[in-house]
Structure formats: structure tokens, C-alpha cells
Amino acid sequence: MRTSRVKKRIMAFAVAMAMSLGLAVPLGGVTTQPLIKSSAEETTTVATPEAETTTQAVAESVTMGTGFGVAIMAGENMTVSFASASTVYIPIVVSEKGYLTIERKDESTDDIQISVLEKNKSTEVLKAEKVGGSEDTGAFAISAGDYYICVTGELGTDCVITAQMAAGVSMKIGKKTSLVLGKHSSSTKFYMQFAPAKTGYLELENAAGSKVSVSLCSSGKKAVSGTKTLSAYSSKNHKDGKTITGYGVIKNKPYLLCVKAASSVKKVSFKTSLKSYSSVGGSSFSKAKTLSVNKRVYATLGAGSKPSYFKFQKSSYSRKNVTVKTLRNQGKLRVRLYYKEVKGKKKGKILPVKVNGKQIGWTQSSEYQKTLKIPSNWPKVTYYLQISNDNSKSTGSYQVIVK
């Protein structure tokens with residue numbers, strides 16, 4: 001492509017992009033609505049210009065034109081080729097303060113270094129991050145102003161990068177999400193928002209090398225779980241479950257993960273997975289869901305959720321076993337047993353099952369399994385399980401089966 005055609009394409013693209021940019025107003029610092037509208041998914045190749053012949057051993061740095069900065073901040077994939085330079089500076093403009101994530105879209109095995117510098121190039125906003133193929137820098141706070149994205153790699157390396165600016169940090173379920181903390185104290189709270197695509201058990205693992213404290217909050221920042229300290233990641237800590245916790249979450253409901261770490265911790269990373277424990281049981285005794293023999297039910301109680309109700313029939317003189325297993329939840333789960341009276345003045349009423357004057361039931365912590373054996377001489381009636389959170393900050397998922 002001739003030089004004149006390249007210049008025309010860059011200038012036309014810069015003008016078009018500048019005219020198409022639009023801003024969104026952040027809501028309380030937690031929305032993840034992009035501050036800059038995404039452009040088409042076309043990939044623009046940004047090649048480093050040919051350097052003049054020199055006897056110096058150090059490859060020269062190249063500053064790309066502002067058109068490229070507009071494109072990369074609009075979310076367009078851009079290829080940077082280190083054909084003759086080891087460092088490329090891409091000037092960008094941040095219109096509103098928020099969180100910036102620079103993503104690498106290629107799958108090359110060659111690592112690159114990405115940093116963000118202030119306009120004078122002497123102050124690092126984001127210290128150099130090593131970014132492999134299909135990885136990102138993690139979201140980091142940045143104020144409005146002019147900056148440079150600095151990309152460094154080996155000569156001959158090609159990489160594809162893009163940038164996303166948002167008012168809040170979105171936690172990517174099923175993937176690793178990182179957050180650069182910057183300067184902070186141990187009491188500073190950082191929030192990462194998410195809305196699960198399904199009801200179930202969200203398992204959260206600390207994937208970084210530093211200890212971190214986490215809690216689940218509503219979209220209004222009200223805590224709906226207790227605070228859990230997760231150990232720094234190591235194979236032993238992972239094996240012992242010290243890096244992992246879990247929550248019961250409800251489909252499409254917005255949540256915030258509140259994160260705190262020591263002032264020396266500069267970056268946190270989390271891995272997440274979401275298991276479908278979609279049953280939420282019935283909302284009352286009259287709407288209790290029937291438990292079929294030998295059919296396991298996977299259920300969830302989100303924080304603040306009302307109790308769930310299940311029922312099963314004892315129609316013979318054989319024994320019945322009811323097993324409830326909880327996962328690595330926050331808080332405790334309460335299980336209580338009831339039955340429907342079939343005779344006398346209380347016929348049709350649902351009453352607690354009592355032995356020696358005490359109701360049958362139990363409270364169990366995370367990762368606990370208990371089996372209730374219903375003797376053969378107990379009445380042939382309908383039995384009910386009431387399963388609830390022990391308090392307002394309990395949350396989690398469980399399994400229940402009747403045999």
C-alpha cells in the first residue's frame with residue numbers, strides 16, 4: 001500500500017471515529033456500561049513504520065498517530081507489528097475517569113509488556129504487565145486525560161490488542177478476572193459487579209499470590225454474606241480449599257463482589273465457575289415441590305431468600321432416608337422436618353415432627369452431608385422439608401435426595 005493511501009485511510013478513520021464517539025454517565029461507580037461505544041469488529045493492522053538505518057544496537061521507539069489511539073479506545077482490534085522497533089507508544093485520550101482494560105486478542109506464545117504512561121512518558125499509571133496470548137492487563141483505575149499505551153515486544157513479534165473503558169469492573173464468570181488496585185489502604189473497598197446467567201452455585205477462587213478478603217453484596221453495596229479471607233494461591237492451599245469460597249446466586253440478579261487487600265497488594269485475580277443448581281423449591285408448604293425417590297435435586301438459596309419447601313410420601317412400612325448435602329457455602333443451612341396430620345382434630349394441618357418433644361431438624365455448615373433416617377414404624381403420611389438460610393448473610397447451594 002502506498003504511503004499517501006495509508007495517510008488518507010488513517011485520517012479518514014480518525015475523523016469518522018471522533019464523530020461517532022459517545023459517552024455514558026456512570027451510576028454510582030459500579031455500572032459496566034462502556035464509556036465509549038464499540039465500533040465494528042473489523043481488525044485494523046497497525047504496522048511499525050520502517051526505521052532509518054542506524055548503527056545503534058538499541059531499537060528505536062515509535063509513536064503512532066492519534067487516529068490509532070481513537071480506534072483502540074473504541075474497542076477495535078489492532079495489530080501491532082514489531083518489525084523494526086521493540087517499543088510502540090499509542091497516544092490515547094480518556095474522556096471520563098473509570099476503569100481501563102487492555103486486552104490481547106491473539107494467541108501467540110510470545111509475551112509482550114503493556115504499560116500506561118502519562119503524557120510526559122515519565123509517570124506510569126499502569127506498571128508494565130506481562131501479557132500472554134488472549135490475556136489482559138486487568139482493569140485499573142484511570143482519570144480523564146491524555147496518556148500513552150506503551151507496548152514492548154521482541155523484534156518480529158505481532159500482537160493484536162484492544163482497549164475497553166468502563167465506569168465499573170465486570171467480573172467474568174467462567175474466566176479469570178483481574179483488578180489492579182493501585183494506591184490504597186487495607187480498608188479500601190473495591191467492587192466487581194456481575195449478574196449470573198443462571199441460578200446456581202458460584203465458586204470463587206483467589207488466583208493471585210496474595211491474601212485477599214471478599215464478601216458478596218447487593219447492587220446497593222449492602223453485604224449479603226459474611227467476609228471471607230482467601231489465602232494466597234498455591235497448590236497446597238488450593239488442595240486444602242483455603243483459596244476457594246462459594247455463594248448461592250439467582251439468575252439475572254445484579255451482585256457486587258467487595259474486595260479488600262493489604263496496601264502492599266497491587267493486583268488481585270479471581271477464577272469463577274457457576275454450577276446450575278436451578279431449583280429453588282416451593283415458596284410454601286402448599287407449593288412444596290415433590291421429591292421423587294432416588295432423584296437428586298440441586299437447589300440454591302440466595303442471600304435473603306425465603307425458605308424452600310419440598311415434600312415426599314411415605315406410603316409403606318419401609319424405611320425412608322433423606323440426605324441433604326451442602327457445598328462450600330457462606331453461613332449455615334437450616335433443615336426442619338414436618339408432616340401432614342391425617343386424623344383427629346388437627347387433620348389436614350402441617351405439624352413439626354417431634355421426638356421426645358424436640359422437633360427433628362438440624363443446622364449444617366458448608367461442605368456437610370447429613371442423612372435423616374425415617375423409621376419404618378413412622379406414620380404413612382406426607383412429609384415436608386423446610387430448608388432455609390440460618391441468617392440474612394447465609395447463602396449457598398445444596399443437594400437433597402430421598403431413598
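Partly exposed describes a residue whose relative accessible area falls between the two cut-offs, under 20% for buried and over 50% for exposed. Keep that scale at hand for the exercises below, which all concern a predicted model.

**Exercise 1. Get an overview of the chain**

Find how many helices and strands the protein chain has, and what share of its residues is buried.

*Solution.* Start with secondary structure: the protein chain has three helices and 31 strands. Next, turn to burial: 46% of the 403 residues count as buried. Finally, look at the contacts between residues at least 6 apart in sequence: 77% of them join residues at least 24 apart.

**Exercise 2. Explain the disulfide count**

Work out why Cys217 has no disulfide to Cys258.

*Solution.* Begin with the total, which is zero disulfides in the structure. A disulfide needs two cysteine sulfur atoms within 2.5 Å. Now take the sulfur of Cys217: the closest cysteine sulfur belongs to Cys258 and is 4.9 Å away, so the two are too far apart for a bond. As for its surroundings, Cys217 is buried, at 2% relative accessibility. Another cysteine, Cys150, is buried too, with a relative accessible area of 7%.

**Exercise 3. Follow the salt bridges**

Find how many salt bridges the structure holds, and state which parts of the chain Glu129 and Lys267 tie together.

*Solution.* A general point helps here: side chains of opposite charge can pair when their charged atoms come close. The structure has nine salt bridges.

- Take Glu103 and Lys105 as a warm-up: their closest N and O atoms are 3.9 Å apart, which fits the cut-off of 4 Å for a salt bridge. Lys105 is partly exposed, with a relative accessible area of 41%.
- Move on to Glu129 and Lys267, whose side chains meet in a salt bridge at 2.9 Å, N to O. Glu129 belongs to strand β7 (residues 124-131) and Lys267 to strand β19 (residues 267-276), so this pair ties together parts that are 138 residues apart in sequence. Glu129 is buried at 18% relative accessibility, whereas Lys267 is partly exposed at 25%.
- End with Glu367 and Arg328, where the closest N and O atoms are 3.2 Å apart. Glu367 sits in the loop between β28 (361-364) and β29 (369-374), and Arg328 in the loop between β23 (320-326) and β24 (333-340), so the bridge connects parts that are 39 residues apart in sequence. Glu367 is exposed, with a relative accessible area of 52%. Add Glu203 to the picture: Glu203, Arg328 and Glu367 are linked in a network of salt bridges.

**Exercise 4. Explore the nonpolar cores**

Identify which residues of the largest nonpolar core touch the most other members.

*Solution.* This core has 31 residues, and Ile72, Leu100 and Ile161 are the ones that touch the most other members. Try Ile72 in the viewer: setting aside neighbours within four places in sequence, its contacts are Met78, Ile90, Ile92, Ile149, Ile161, Thr162 and Ala163. Another core, of 27 residues, lies apart from this one and includes Met192, Val259, Ala261 and Ala303.

**Exercise 5. Trace strands and a sheet**

Give the order of the four strands in the open sheet, and decide whether the residues on the two faces of β3 are buried or exposed.

*Solution.* The order is β21-β31-β23-β29, with antiparallel pairing. β21 (297-301) and β29 stand at the edges with a single partner strand each, so one side of each has no neighbour in the sheet. From one strand to the next, the twist averages 20°. Inside the sheet, five bridges join β23 to β31 (residues 396-402), and Thr326 has Tyr398 in β31 as its bridge partner.

Now for β3 (residues 78-81): Met78 and Val80 on one side, and Thr79 and Ser81 on the other, are all buried. Four bridges join β3 to the antiparallel strand β10 (residues 158-166); there, Thr79 has Val160 as its bridge partner.

**Exercise 6. Look at two phi values**

Locate Lys121 and Lys221, two residues with a positive phi.

*Solution.* As background, most residues other than glycine have a negative phi. Lys121 has a positive phi of about 65° and is found in the loop between β6 (112-118) and β7. Lys121 is partly exposed, at 33%. For Lys221, phi is near 70°, and the residue is in the loop between β15 (212-218) and β16 (228-230). Lys221 counts as partly exposed, at 38% relative accessibility.

Conventions:
Residues are numbered from 1 along each chain as its sequence is written. This is a predicted model: local features need pLDDT of at least 70, side-chain atom pairs count only at pLDDT 80 or more; totals for chains, interfaces and linings use all residues. Side-chain values use heavy atoms; hydrogens and water are left out. Buried means under 20% relative accessible area, exposed over 50%, partly exposed in between (1.4 Å probe, protein chains only). A nonpolar core is a set of buried Ala, Val, Leu, Ile, Met, Phe, Trp, Tyr and Cys residues joined through side-chain atoms within 4.5 Å. Contact means heavy atoms within 4.5 Å. Two strands pair if DSSP finds at least two bridges between them. Axes are lines fitted to C-alpha atoms, for helices over the stretch in contact, and angles run from 0 to 180 degrees between N-to-C directions.
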